[in-house]
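Okay, thanks for coming, everyone. I'll put the structure up and then walk through it piece by piece.

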Amino acid sequence: MDDRICLSPFCGARAPHALPRCPACGRPTFGRDQIAARGRHLVLLGLILAGVVGTVVWFWWSALHPAAAGQPVSGFRGTGFEARTLLFAFTALILTGICFTASGAMMLAGRSSRTPTRAALILFAAALVAIVTCLASAYGR
Ligand SMILES: [Zn+2]
């Protein structure tokens, strides 16, 4: 098995021979060992992301949760809308981490990881939009 795989989340073509470049999109292709090594990094990255953001939510929950319900709390100075938007952003970031971990696990198993990789990118974009929305709302006050 000297198949090489294109890791682009929007391509994922297989190169039957040891082609260094994807025949479909021109990006680099990777052999099974390289994909497994990248999969390990992705699993680790996903777990760290989910763990760090999960810890932030864990410590901030007692202030953020009532703030999201519109109650005034000392630990959060934003509005209820901003608290809800932040919680959405954190949730999206944790799910991004879980998707990265799933993607890495699939790469370790030598399978295509396009679906969880795409999901991770969409979730990450959603988290960024939510954070920007929150910042814009805070500056608008
Ligand atoms: Zn490709």
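So, let's begin with a strand pair: S1, residues 4-6, and S2 are joined in the antiparallel sense over 2 bridges. If you want a spot to click on, look at Ile5, which stands opposite Arg14 in S2. And before I go further, keep in mind that this is a predicted model.

Now zoom out to the sheet. It's an open one with 3 strands, in the order S2-S1-S3, and the pairing is antiparallel. Which strands stand at the edges? Those are S2, residues 14-15, and S3, residues 29-30; each has a single partner strand, so one side of each has no neighbour in the sheet.

Okay, next, the domains. The chain is split into domain 1, covering 1-30, and domain 2, covering 31-139. Their C-alpha centres are 29 Å apart. How many residues are in contact between the two? We get 7 residues from domain 1 against 10 from domain 2. On the domain 1 side of that contact, the classes come out as 4 nonpolar, 1 polar and 2 charged.

On to the helices. A quick reminder on the vocabulary here: for two packed helices, we quote the angle between the axes and the distance between the axes.

Take H1, residues 32-68, with H2, residues 80-108. Their axes come within 7 Å and cross at roughly 160°. Why call that roughly antiparallel? Well, our cut-off for roughly antiparallel is an angle over 145 degrees, so H1 counts as roughly antiparallel to H2. As for handedness, H1 passes H2 in a left-handed crossing. The contact of H1 with H2 has 25 nonpolar residues, along with 9 polar and 3 charged ones.

Then there's H2 with H3, where H3 is residues 114-139. These axes come within 8 Å, with a crossing of roughly 160°. That makes H2 roughly antiparallel to H3. Here, too, we have a left-handed crossing. And who's in that contact, by class? For H2 with H3, we have 22 nonpolar, 6 polar and 1 charged.

That's my tour. Happy to rotate the view if anybody wants another look.

Key:
Residues are numbered from 1 along each chain as its sequence is written. This is a predicted model: local features need pLDDT of at least 70, side-chain atom pairs count only at pLDDT 80 or more; totals for chains, interfaces and linings use all residues. Axes are lines fitted to C-alpha atoms, for helices over the stretch in contact, and angles run from 0 to 180 degrees between N-to-C directions. Helices (H or I, at least four residues) and strands (E, at least two) are DSSP runs, numbered from the N terminus. Angles under 35 degrees count as roughly parallel, over 145 as roughly antiparallel, 65 to 115 as roughly perpendicular and the rest as oblique. A crossing is left-handed if the near helix is turned anticlockwise from the far one by less than a right angle, and right-handed if clockwise. Ala, Val, Leu, Ile, Met, Phe, Trp, Tyr, Cys and Pro count as nonpolar, Asp, Glu, Lys and Arg as charged, and the others, Gly among them, as polar. Domain bounds come from an automatic or database domain assignment. Two strands pair if DSSP finds at least two bridges between them.
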